[in-house]
Amino acid sequence: MRKLEKEKQKKEKKEHILVCLSSSPSNEKIIRTAAQMAQAFQAGFTALYVQTAEKTEKTPEDLARLQKHVRLAEQSGAEIVTTHSEDIALQIAEYARISEVTRIVIGKSMMKQGYFHQRRVWTERLTDLVPDLEIHIIPDSDVYRRYQKRKNFLEWMELPSWKELMLTVLILGAATGIGEIFFRLGFTDANIITVYLFGAMLTSILTSGYTCSVISSVASVVLFNYFMTEPRLSLHAYGSGYPVTFAIMLGISILTGTLASKLKENAKLSARDAFRTKILFNTSQLLQKAEDAAEIFDITATQLVKLLGRNLVVAPVETKESSIVQGTLYNTETGIKSEKVFDGKEQEILQWVLKNRKRAGAMTERFSEEPYLYLSIYAAQHRYGVIGIFIGQKPLDAFENSILLSILGECAMALDREQSAREKEEAAVMAKNEQLRVNLLRTISHDLRTPLTSILGNADSLISNFDALDEGMRKQIFSDIYEDAGWLIELVENLLALTKIEDGSVKLQLSDQVVEDVVREALRHVERRKKEHYITVDCGEDVLLARMDAKLIVQVLVNLINNAVKYTQAGSKIRITAGREEKNVWIAVEDNGPGIPAECREHVFEMFYSGKNKVSDSRRSLGLGLALCRSIVNAHGGELVLRDCVPHGCHFRFTLPLSEVNLNE
């Protein structure tokens with residue numbers, strides 16, 4: 001039963017195929033086979049490159065071939081992962097276990113380990129480490145042997161620089177000098193041998209590769225034999241045990257030097273991995289805080305410049321037609337960002353990369369003569385732009401390519417999130433506009449019916465019964481028609497003005513105006529019922545000049561005063577005041593009416609808001625007056641607020657810029 005359950009769980013588990021990357025020519029066949037398997041099983045696909053302290057890519061051809069295999073895996077849909085370890089089999093097994101890999105694809109040539117004795121093959125080790133996984137072996141021995149025959153010693157040999165050779169000579173000279181001193185002081189041979197071993201280890205630490213370490217080890221034995229053994233200044237030795245001593249000394253020197261080189265290389269790889277992790281972590285954090293696409297591109301380019309130390313070109317998509325005209329050049333030498341306009345050839349490359357979602361330029365087969373490597377930034381069906389990295393004569397290694405792909409992936413996801421957020425915001429705005437439209441139609445159809453019905457009924461009464469009506473009744477009917485028509489005109493003007501201001505089509509006709517004159521003009525337009533209220537004006541003793549569009553500010557004051565007249569009882573007091581506050585002029589309209597409930601105050605400036613109670617401009621109204629007032633004041637750079645009026649009532653106050661003109665009276 002348990003066996004059947006395990007098989008069932010295995011079938012339900014999503015397939016994940018892992019292929020190992022290398023610079024071997026046979027690796028191309030292995031990648032293609034693994035890609036076909038991933039496509040057949042509809043499985044996840046990962047390409048893993050394990051780098052060791054002992055570099056296997058000794059020549060530029062090896063590096064180019066490795067890059068080719070990385071690109072092939074990427075084009076086949078694989079996720080590229082780079083790591084380092086001295087035990088490749090263990091590293092593959094650990095990664096497979098963590099990433100829930102179900103199948104591992106390797107080449108037969110990878111199974112060979114050791115030249116002088118038989119060791120356990122890869123399949124046996126991997127089977128022991130991950131017994132639940134399937135390991136597929138792709139025959140590639142013929143290709144691998146042909147590849148091996150073309151290799152010679154000089155191709156694998158890493159020649160040191162003159163500086164490293166001179167350093168090696170100096171260390172050997174110093175070790176010989178110290179050995180001579182020890183010899184004259186009567187120290188034993190063991191002490192002198194220790195000095196040479198220390199010199200060999202120091203050489204391994206201070207130089208790169210193994211060449212200088214081996215040279216130092218061999219030279220130490222020769223120098224010890226020549227200067228420190230009898231007969232001195234010759235390569236002969238009287239002692240019968242010296243050949244064994246020399247052999248042990250050589251072995252220890254080579255071993256310590258090799259271990260020191262490996263430790264140094266591992267430390268370098270660990271530091272590089274730590275730096276990579278830090279860069280990726282910082283990039284992820286910065287991209288999460290980015291507010292728009294431009295900032296996302298800038299963060300990505302800055303992090304890549306910091307990581308690669310190369311010039312960079314960022315070319316975002318500028319239009320919905322996915323065209324690219326210009327971009328930004330990041331210069332590592334000057335540290336300056338500058339605008340870059342692309343010529344015809346560069347635009348052709350950018351459009352090709354953008355359309356095909358493949359890399360082009362340096363290190364590729366298409367447009368290979370270009371000094372830049374161009375890569376597309378995309379996610380799902382969205383194309384966001386292209387990034388170009390200067391290659392020149394220094395190709396990217398596997399580590400740089402891996403982190404480059406990781407950062408570009410982070411960039412694409414951030415751009416996708418930003419676009420999704422923008423689309424949601426646009427959808428919310430559209431939904432809100434649609435709701436406003438629906439509210440407008442519903443409210444207009446409801447609220448316009450009353451005044452139109454009143455006008456129609458009163459007009460019909462006058463036409464049918466004009467002679468039968470007395471003078472007082474006829475005046476009352478005329479007055480009702482006038483008020484209803486005035487309300488309709490006010491509504492239409494508010495609606496048209498609000499629409500124009502909201503879409504930005506209104507251009508303010510600004511001029512310097514005397515505030516008191518504007519207030520008096522507004523009172524002339526207030527409806528006739530103002531006679532039932534006590535309206536006072538107090539603009540102070542000084543003449544106040546404000547920068548405004550007088551016609552629109554008159555409309556603001558008319559709306560505020562009409563609200564105070566309409567929604568307060570007859571005999572209420574309405575007070576209009578004005579004053580100066582720093583660089584602004586404030587104007588206030590207050591009344592001692594019933595006021596506005598607390599739960600309605602935060603909504604009174606919203607369009608189509610009527611409120612639960614008949615307050616402010618909501619009685620027989622579309623709720624446009626206060627929304628229009630706030631839009632006009634905001635367009636002037638001011639602010640309209642509602643305050644409490646002690647002990648009760650409403651206090652609307654707005655500000656306008658103070659005029660710079662001085663009046664000398």
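Let's start with one side chain in this predicted model: Lys68, which at 38% relative accessibility counts as partly exposed. Its partner is Glu28, and the two side chains meet in a salt bridge, with 3.8 Å from N to O. Lys68 belongs to helix H3 (residues 60-75) and Glu28 to helix H2 (residues 27-41), so to speak two distant parts of the chain, 40 residues apart, linked by the pair. Glu28 is partly exposed too, at 24% relative accessibility.

That pair has company, since a search of the whole structure finds 19 salt bridges. Some charged residues join up in a network: Glu15, Arg103 and Glu134 are linked that way by salt bridges. For a pair inside one helix, look at Arg422 and Glu418, whose side chains meet at 2.6 Å, N to O. Both sit in helix H14 (residues 398-447), and because they are four residues apart there, about one helical turn separates them. How accessible are the two? Arg422 is partly exposed at 34% relative accessibility, while Glu418 is buried, with a relative accessible area of 16%; the cut-off for buried is under 20%.

Now move along to the sheet. Five strands make up an open sheet in the order E13-E15-E16-E18-E17, and their pairing is mixed. At the edges are strand E13 (534-538) and strand E17 (640-644), each pairing on one side only. From one strand to the next, the twist averages 20 degrees.

Begin at the E13 edge. E13 runs parallel to strand E15 (residues 573-581), and five bridges join them. Here Val537 stands opposite Ile576 in E15. A salt bridge turns up here as well: the side chains of Arg575 and Asp538 meet at 3.8 Å, N to O. Arg575 lies in E15 and Asp538 in E13, so this pair ties together parts that are 37 residues apart in sequence. Arg575 is partly exposed, with a relative accessible area of 37%, and Asp538 is partly exposed, with a value of 37%.

At the other edge, E17 and E18 pair in the antiparallel sense, again over five bridges, and Arg643 stands opposite His651 in E18. The two strands form a hairpin with five residues between them, and Gly649 in the turn has a positive phi of about 115 degrees.

Finally, see what lies across the sheet. Helix H17 (residues 515-525) lies across E13, E15 and strand E16 (584-591), running at about 165 degrees to E13. Helix H18 (residues 550-566) lies across E13, E15, E16 and strand E18 (650-657), at about 175 degrees to E18.

Terms used
Residues numbered from 1 in each chain as written. Predicted model: local features only at pLDDT ≥ 70, side-chain atom pairs only at ≥ 80, totals over all residues. Heavy atoms only, no water. Pairing = 2+ DSSP bridges. Axes fitted to C-alpha atoms, helices over the stretch in contact; angles between N-to-C directions. Contact = heavy atoms within 4.5 Å. Salt bridge = Lys/Arg side-chain N within 4 Å of Asp/Glu carboxyl O. Buried < 20%, exposed > 50% of the residue type's maximum accessible area, 1.4 Å probe, protein only.
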